[in-house]
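These are my notebook entries on one structure, written down in the order in which I looked things up.

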Amino acid sequence: MLAGRYLINFRYFWFVFNVLFWTIFFASLGIVVSLFEWRGKFMSWVAKTWSKLLLKIGGIDYKVVGLSNLDPNGNYIFAANHESGLDIPLVFAGLPYHLVAIAKIELKRIPIFGWSMIAGGHFFVDRKNKIRALKSLSIAKKSMAKNPRSIIIYPEGTRSKDGEIGLFKKGGFVLAMDMNLPVVPIALCGTFESFGKNKMTFNKNNLELRIGKPFQTSSLTYEDRNQFVDQIRNEVIKLKSSSI
């Protein structure tokens, strides 16, 4: 039993080491190339390659269900549950789109990693300051008009401590309504069991990314936001609990 615990811890530290090493490597490469390519296409390739490599190093198999619900040439805002550090590589490995994130502003301040997110055209929101948060969403809208792409949001705002899906914040949904972008509920399954918050363990569970059908926002008004947020959250919960 003791040997098994040490084996699990070794997997954990080995995976964390690879996350740090390959993040620095790919982020540095992307920052240099982005000096010559402003649309972020190369950084999108970097994010996907980094994600697939980390999952492979971790010995993690993953499956994507529901891609047929989407237009391969469309742009969407994807709304996902957030349970683990594996959520990010699963999303970027599994969704075949030029994808950027709306992330907490603290990530912007991380050397190399934060710089690479800036170079990739990701957006940052100060969750503690409503005025700055609204300004960030306005900047995101202008950037998307100039350079259309898809966005991933984790509306819970932080990782779940117990694997349960928390309440959704409204910011990303208001942005979707403002830009008339369809919102797609997605459920990330198995990431908490593999690499949950505050757990110094790493398990080789199979992961699934389950994609729901897009919800159009063109007919919605600001007054519809609360009902719409609840609707998307319920769809994510339904996807996660389904037996696909």
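The entries below cover the sheet, its helices, the aromatic side chains and some backbone angles.

Entry 1, status of the model. I note at the outset that this is a predicted model.

Entry 2, the sheet. I looked up the strand order and found an open sheet of 7 strands, arranged S1-S7-S6-S2-S5-S3-S4 with mixed pairing. I then asked which strands stand at the edges. They are S1 (62-65) and S4 (123-125); each has a single partner strand, so one side of each is left without a neighbour in the sheet. For the twist, I recorded that neighbouring strands are turned against each other by 25° on average, direction ignored.

Entry 3, one strand pair. I examined strand S6 (residues 183-189) and strand S7 (residues 207-211), which run antiparallel and are joined by 4 bridges. Within this pair, I found alanine 187 opposite arginine 210 in S7.

Entry 4, helices on the sheet. I looked up what helix H3 (residues 87-94) touches as it packs on the sheet: S1, strand S3 (99-104), strand S5 (150-153), S6 and S7. The direction of H3 makes about 60° with that of S7. Helix H5 (residues 130-146) also packs on the sheet, where I list S3, S4 and S5 as the strands it touches. For H5 the angle is taken with S4, and it comes to about 165°.

Entry 5, helix H2. I checked the length of H2 (residues 41-57) against the rise of 1.5 Å a residue. Its 17 residues should span 24 Å, and the end C-alpha atoms are 24 Å apart, so the two values agree. I also listed the buried residues of H2: Met43, Ser44, Val46, Ala47, Lys48, Trp50, Ser51, Leu54 and Leu55. After H2 comes glycine 59, for which I noted a positive phi near 70°.

Entry 6, positive phi outside glycine. I kept in mind that most residues other than glycine have a negative phi. Isoleucine 112 is not a glycine, yet its phi is positive at about 70°. I located isoleucine 112 in the loop between S3 and helix H4 (113-119). With a relative accessible area of 24%, isoleucine 112 is partly exposed. Asparagine 180 likewise has a positive phi, of about 60°, without being a glycine. I placed asparagine 180 in the loop between helix H6 (171-179) and S6. Its relative accessibility is 46%, and asparagine 180 therefore counts as partly exposed.

Entry 7, aromatic rings. With ring centres required to lie within 6.5 Å, I obtained a count of 17 aromatic pairs. I asked why phenylalanine 168 and phenylalanine 173 count as stacked. Their ring centres are 6.2 Å apart and their planes stand at 15°, so the pair is stacked. Both phenylalanine 168 and phenylalanine 173 are buried. I further noted one aromatic cluster, formed by Trp14, Phe17, Phe21, Trp22, Phe25 and Phe26. Turning to charges over rings, I found the charged end of lysine 146 over the ring of tryptophan 38, at 5.3 Å from its centre.

Entry 8, leucine 20. I looked up whether leucine 20, which is found in helix H1 (residues 2-34), is buried or exposed. At 54% relative accessibility, leucine 20 counts as exposed. Lastly, I recorded a separation of 25 Å between the C-alpha atoms of leucine 20 and tyrosine 97, which are 77 residues apart along the chain.

Definitions and conventions. Residues are numbered from 1 along each chain as its sequence is written. This is a predicted model: local features need pLDDT of at least 70, side-chain atom pairs count only at pLDDT 80 or more; totals for chains, interfaces and linings use all residues. Side-chain values use heavy atoms; hydrogens and water are left out. Rings of Phe, Tyr and Trp (its six-membered ring) pair if their centres lie within 6.5 Å; planes under 30 degrees apart count as stacked, over 60 as edge-to-face and the rest as tilted. Buried means under 20% relative accessible area, exposed over 50%, partly exposed in between (1.4 Å probe, protein chains only). A charge sits over a ring if NZ of Lys or CZ of Arg is within 6 Å of the ring centre and within 35 degrees of the ring normal. Two strands pair if DSSP finds at least two bridges between them. Axes are lines fitted to C-alpha atoms, for helices over the stretch in contact, and angles run from 0 to 180 degrees between N-to-C directions. Contact means heavy atoms within 4.5 Å. The expected span of a helix is 1.5 Å times one less than its number of residues.
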